[in-house]
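Load the model in your viewer, switch to a cartoon view, and keep the selection box handy. We will move from one selection to the next and say what is there at each stop.

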Amino acid sequence: MSKKRVAVVGYGTIGERISDGIVLQDDLELAGVADISPTLPVRALVESGKDYPIYCSIPEKRKDLENAGIPVKGLLDDLLEEVDIVVDATTPGIGAKNKEVYKKFALPAIFQAGEKRGFADAIFSPYFNYQKCRELKYLQMFSCNTTGIARQAYICDSGFGLKEMICLIVRRAADISETHKGPVDALLPQEIPSHQAEDFIHVAPHIHTITGVITAPVCHGHATMMIFEVGKKTSKEEIVEVFNKEPRIRLFRLQDGFISTSHIFDYNRDRMSPRGDMYEVPVWEETIYLDREGQRIYSINMIPQEAIVVPENIDAIRCLLGLEDTPEEAMEHTNRCLGLK
Ligand SMILES: NC(=O)c1ccc[n+]([C@@H]2O[C@H](COP(=O)([O-])OP(=O)(O)OC[C@H]3O[C@@H](n4cnc5c(N)ncnc54)[C@H](O)[C@@H]3O)[C@@H](O)[C@H]2O)c1
């Protein structure tokens with residue numbers, strides 16, 4: 001079977017990581033990436049020697065790219081003519097407008113969490129609504145936090161019947177290059193419930209979910225305290241076992257030296273993970289605690305905000321293109337190609 005061709009529109013923090021993830025898939029080909037200016041990720045792409053064809057989304061902006069020495073292969077329309085699907089990772093608000101362009105080319109498309117809710121056909125989670133989404137054309141992804149929440153919720157729900165979930169999120173204030181959002185020296189509470197609960201309930205209305213957010217002055221990763229109320233009695237050993245079995249969750253131990261989000265980030269850089277990224281949700285093993293006779297589970301996890309959405313974006317491509325019939329097959333395929341064990 002020939003590889004399906006994918007366009008990534010918006011080559012920023014998320015677009016560059018999704019592009020790299022697509023290149024690792026054995027049934028997908030990155031046909032090209034599109035942006036509108038010679039941003040640092042676009043300049044770094046050229047300097048890295050990766051041969052991703054670069055397109056310009058806005059004809060008048062082409063000169064800006066070329067003047068900065070960026071080789072521009074063509075305009076967005078040229079790219080869209082030769083692909084099977086688009087992943088849009090543009091600045092929030094642009095994706096919803098781009099949907100009309102993708103429609104003109106009859107292309108299915110995937111949009112990120114920063115877009116307004118309701119303009120896509122559904123919010124997608126491979127764990128909860130893969131089959132329903134196979135019939136659709138435009139999917140919106142979860143945010144990084146909701147992606148991590150959904151992975152853990154699914155394990156608790158499928159294994160022990162998740163009745164209720166409370167997530168207390170300490171949210172990073174900005175990505176590393178978003179200096180316009182700082183410097184900051186404060187903790188910012190948000191209205192409860194935060195958007196993560198609303199998005200999650202969209203895919204799993206049977207789980208009573210509340211999320212709250214406090215924004216903290218850090219750049220590398222969010223941290224979340226999770227409280228799961230389950231219907232079936234379980235134990236810490238069993239939770240450790242099921243979390244260990246899920247390739248998109250990784251247990252770390254405080255006693256091994258992983259004492260903060262920064263230590264995990266640094267570890268990722270030392271093990272030569274590109275950009276210090278990780279696709280998994282790190283959960284600290286010592287934070288897993290049970291009470292209410294094994295029916296309430298507590299844990300604390302990190303959310304590496306940038307790369308965590310990559311696996312689910314790739315699952316969404318498989319879903320919309322009908323490349324795998326079941327969510328299990330789609331996730332197994334994505335995990336295998338991304339090296340998630
Ligand atoms: N940064 C994160 O941690 C994170 C995590 C999860 C989801 N998201 C979501 O991902 C989306 C992208 O966020 P980001 O952090 O990558 O933003 P970003 O600013 O790093 O990247 C956006 C890119 O889109 C480009 N762009 C703008 N208009 C365009 C157009 N018309 N055509 C092509 N490119 C265009 C910009 O030049 C920029 O390079 C947002 O919806 C955001 O909410 C971000």
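Which helix gives the most to the shell around the ligand? That is α1, with three residues. Before we look closer, a word on the model: it is predicted, with local features needing pLDDT of at least 70 and side-chain atom pairs counting only at pLDDT 80 or more, while totals for chains, interfaces and linings use all residues. Residue numbers start from 1 along each chain as its sequence is written.

**Stop 1: the ligand shell**

Select the ligand and the residues around it. You should find 28 residues there, where a residue is near a molecule if its C-beta atom, placed from the backbone, lies within 6 Å of it. The closest are Gly10, Gly12, Ser57, Gln112 and Gly114. At least two residues of this shell come from α1, and at least two from β2. Helices and strands here are DSSP runs numbered from the N terminus: H or I over at least four residues for a helix, E over at least two for a strand.

**Stop 2: the eight-stranded sheet**

Now color the sheet that holds β2. Its eight strands run in the order β4-β3-β2-β1-β5-β6-β8-β7, with parallel pairing, and the sheet is open. Two strands pair if DSSP finds at least two bridges between them. At the edges sit β4 (74–75) and β7 (122–123), each pairing on one side only.

Go next to residues 4–9, strand β1, and residues 28–35, strand β2: six bridges join this parallel pair. For one bridge to inspect, pick Val8, whose partner in β2 is Val33. Add helix α1 (residues 13–23), which packs on the sheet and touches β1, β2 and β5 (85–88); contact means that two C-beta atoms, placed from the backbone, lie within 7 Å. The direction of α1 makes about 160 degrees with that of β2. Such angles run from 0 to 180 degrees between N-to-C directions, using lines fitted to C-alpha atoms, for helices over the stretch in contact.

**Stop 3: strand β5**

Stay in the sheet and select β5. Is it covered on one face or on both? Both faces are covered: Ile85 and Val87 on one side, Val86 and Asp88 on the other, are all buried. Buried means 20 or more other C-beta atoms within 10 Å of a residue's own, exposed means 12 or fewer, and partly exposed is in between, with C-beta atoms placed from the backbone.

β5 pairs with β1 in the parallel sense over four bridges, and Val6 has Ile85 as its bridge partner in β5. Two bridges also join β5 to the parallel strand β6 (residues 109–111), where Ile110 stands opposite Val87. Show helix α5 (residues 94–104) as well: β5, α5 and β6 make a right-handed β-α-β unit. Right-handed means that, with the strands pointing away from you, the path from the first strand over the helix to the second runs clockwise.

**Stop 4: another β-α-β unit**

Select residues 249–252 and 281–284. These are β13 and β14, a parallel pair joined by four bridges, with Trp284 of β14 as the bridge partner of Phe252. Together with helix α10 (residues 261–270) they make a right-handed β-α-β unit.

**Stop 5: backbone details**

Most residues other than glycine have a negative phi, and most peptide bonds are trans. Look at the bond between Ile192 and Pro193: this peptide is cis, with omega about 0 degrees. Pro193 lies in the loop between β10 (188–189) and α8 (195–203).

Then jump to Arg292, in the loop between β15 (289–291) and β16 (296–303). Arg292 has a positive phi of about 50 degrees although it is not a glycine, and counts as exposed because it has 10 C-beta neighbours inside 10 Å. Glu293, found in the loop between β15 and β16, also has a positive phi of about 50 degrees.

**Last stop: the whole chain**

Zoom out. The chain has 12 helices and 16 strands, and its C-alpha trace spans about 65 × 45 × 35 Å along the principal axes. Buried residues make up 43% of the 341 residues.
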